[in-house]
Structure formats: C-alpha cells, structure tokens
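Let's take a walk through this model together, starting with one helix and ending with the empty spaces. Keep the structure open as you read.

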Amino acid sequence: MAVPEALAGLTAIPGVRTAAQLREPGSGELLAVLPELSRLLPGGGLRRGSTIAVRGATSLVLALLAAATRTGSWAAVTGLPDLGLAAAAELGVDLERIALVPNPGAELVAVLSALVDGFDVVVLGPAPAGGVQPQTARRLADRVRNRGTVLLTAGPWPGAELELRVSGRRWHGLTQDGHGHLRTREVVATSRGRGAAARPLSVGLQLPGPAGAVTAGGSPGRRLVEVAG
C-alpha cells in the first residue's frame, strides 16, 4: 500500500488528527508524562515539535507514552516488530490509541514523514545498519517541529534535542541461591540536551516496578556533577 493511502487509512481512525489539526486553539505545548518521569523533561512533559533519543531501554520509550495516550493523544510506533503489547499495557499505555507499523522497510523516511503528519507522538525503533544520515535527520526534525509532533527514537538520533540514557540496571526478586522470580528492575535514567536541559539530571526508577508500571526508585533525583578526567 502506498504511503499516502496508508496515512488516509490511519487518519480515518476516530481521534487521529492530521497535521493541520495538531495545534487546535487551546492545545497545549506539552504532552503529559507520568509523574515519575516528569523531572527528566524540560517543562515536565513532552514538548511538541521536539526530537528525543532514548538509549538503553525500550521500556522507557513506552513509559513516556503512558500518560499521553491516557489523556487523549495518539501515538504511532514503527520499527519495533517485537514490541510487547502486554508490557506496554502494564506500563500504562492505552493500546487503543496506538497504531503499529512493525516493519517500514526501505520506505522508512516516507513512513516516518506520513506518521509525523498524523499523530501526536511517533516512536521509531532502532535505526537500520548505517543509521539515519544527518541531512535526512535534519529534514525529519524540521517536519516534526512544523507539525507539532513529538519524535521518540529507541536509540541515537543525529541532532536530537534531548537524550535520555538508562544505566545501573539491577534486577530484584531472586534469592541468594538463585530461586524465585524477577519482579522489579532498578535503573538510573539520565537526561541531557540543549537549552534548559543542558545540565544533566538523573533520577532513580523501578522500570518495571512491582506491578509492571514505572515507580520511583530508591534514590532521589539528583543533579550530576561533572568531573574533569
């Protein structure tokens, strides 16, 4: 199916908006995120027109969709053929407001452009071998900015305005002799970008928490101090 025809089908879904409708009078510049994630983002939410690269955990990408989809925003996910919908639902994502394009193939740029035109948030899985060329990334970022969409990438993205990294993973649930079930995973999420996000900020999270959703970790958020060398 040609990309324009596919987009026409997607925008026929009740609630999916075209680019001209993304910024209706009174629409906010920020899309909501879970309270546990708000400190990682300038303004406490996903800023329309921004490109955010998430490195180290696809689960954090999905968690960023939770509050937005539950408060009326529509999201499209492409390039994640093995996406776990059950895990996404546990993280709080409203699956009825998610459109999936598992394998964009050679039409990646055209698919992304079409999705940016019709959705509030677009998620891109790991880029294919060789990645996305900087010139192409700039064109897509311009389109994202003009349409008022949010582009979230599960991996590096040339020129991303904000980068989130997940580190310090530590699973809990097993006994000392190796029995039991993995129940929670403690991580440290760090954000750094341009402008208001130039200073790194780190927060502790349970991703997933005991019931599969995101919860605050054991250590409070803290400003990172850079040490030379």
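## Helix α6: length and sides

In this predicted model, helix α6 covers residues 134-147. With 14 residues at 1.5 Å a residue, α6 should span 20 Å, and its end C-alpha atoms are indeed 20 Å apart, so the expected and computed spans agree.

Which residues of α6 are buried? They are T136, A137, L140, A141 and V144. These residues cover an arc of only 135° around the axis, so they sit on the same side of α6. Turn to the other side of α6 and you will find Q135, R138 and N146 exposed.

## What packs over α6, and what follows it

The buried residues of α6 have their cover from several elements, including β3 (51-55), α5 (108-118) and β7 (150-154). Just after the helix comes G148, which takes a positive phi of about 75°.

## S113, a residue of α5

One residue worth a click is S113, which has its place in helix α5. Is S113 buried or exposed? Its relative accessible area is 16%, and because the cut-off for buried is under 20%, S113 counts as buried.

What does S113 touch, once its neighbours within four places in sequence are left aside? S113 is in contact with L140 and R143. L140 is also one of the buried residues of α6, and α5 is among the elements that cover those buried residues.

## The cavity

Now for the empty space. Rolling a probe the size of a water molecule over the atoms shows where such space is left. The structure holds 1 cavity of 30 Å³ or more, and about 30 Å³ of space lies in the largest cavity.

The residues lining the largest cavity are L62, L65, V77, L83, L85, A88, V93, L95 and I98. Helices α3 (58-70) and α4 (85-90) each supply at least two residues of this lining. By class, the lining has 9 nonpolar residues, with no polar and no charged ones.

## The largest pocket

How much space lies in the largest pocket? About 160 Å³. To find the largest pocket on your screen, select the residues that line it: L41, P42, G45, R47, S50, I52, E161, L162, R194, A196 and A197.

The lining of the largest pocket is a mix by class, with 6 nonpolar, 2 polar and 3 charged residues. The lining of the largest cavity, for its part, has no polar and no charged residues.

Technical notes:
Residues are numbered from 1 along each chain as its sequence is written. This is a predicted model: local features need pLDDT of at least 70, side-chain atom pairs count only at pLDDT 80 or more; totals for chains, interfaces and linings use all residues. Side-chain values use heavy atoms; hydrogens and water are left out. Helices (H or I, at least four residues) and strands (E, at least two) are DSSP runs, numbered from the N terminus. The expected span of a helix is 1.5 Å times one less than its number of residues. Buried means under 20% relative accessible area, exposed over 50%, partly exposed in between (1.4 Å probe, protein chains only). The arc is that of the directions from the helix axis to the C-beta atoms. Contact means heavy atoms within 4.5 Å. On a 1 Å grid over the protein atoms alone, a cavity is a set of points where a 1.4 Å probe fits but cannot get out, and a pocket is an open set with protein on both sides within 12 Å along at least five of seven lines; lining residues have an atom within 4 Å of a point. Grid points are joined across faces, edges and corners, and a volume is the space filled by probe spheres set on the points. Ala, Val, Leu, Ile, Met, Phe, Trp, Tyr, Cys and Pro count as nonpolar, Asp, Glu, Lys and Arg as charged, and the others, Gly among them, as polar.
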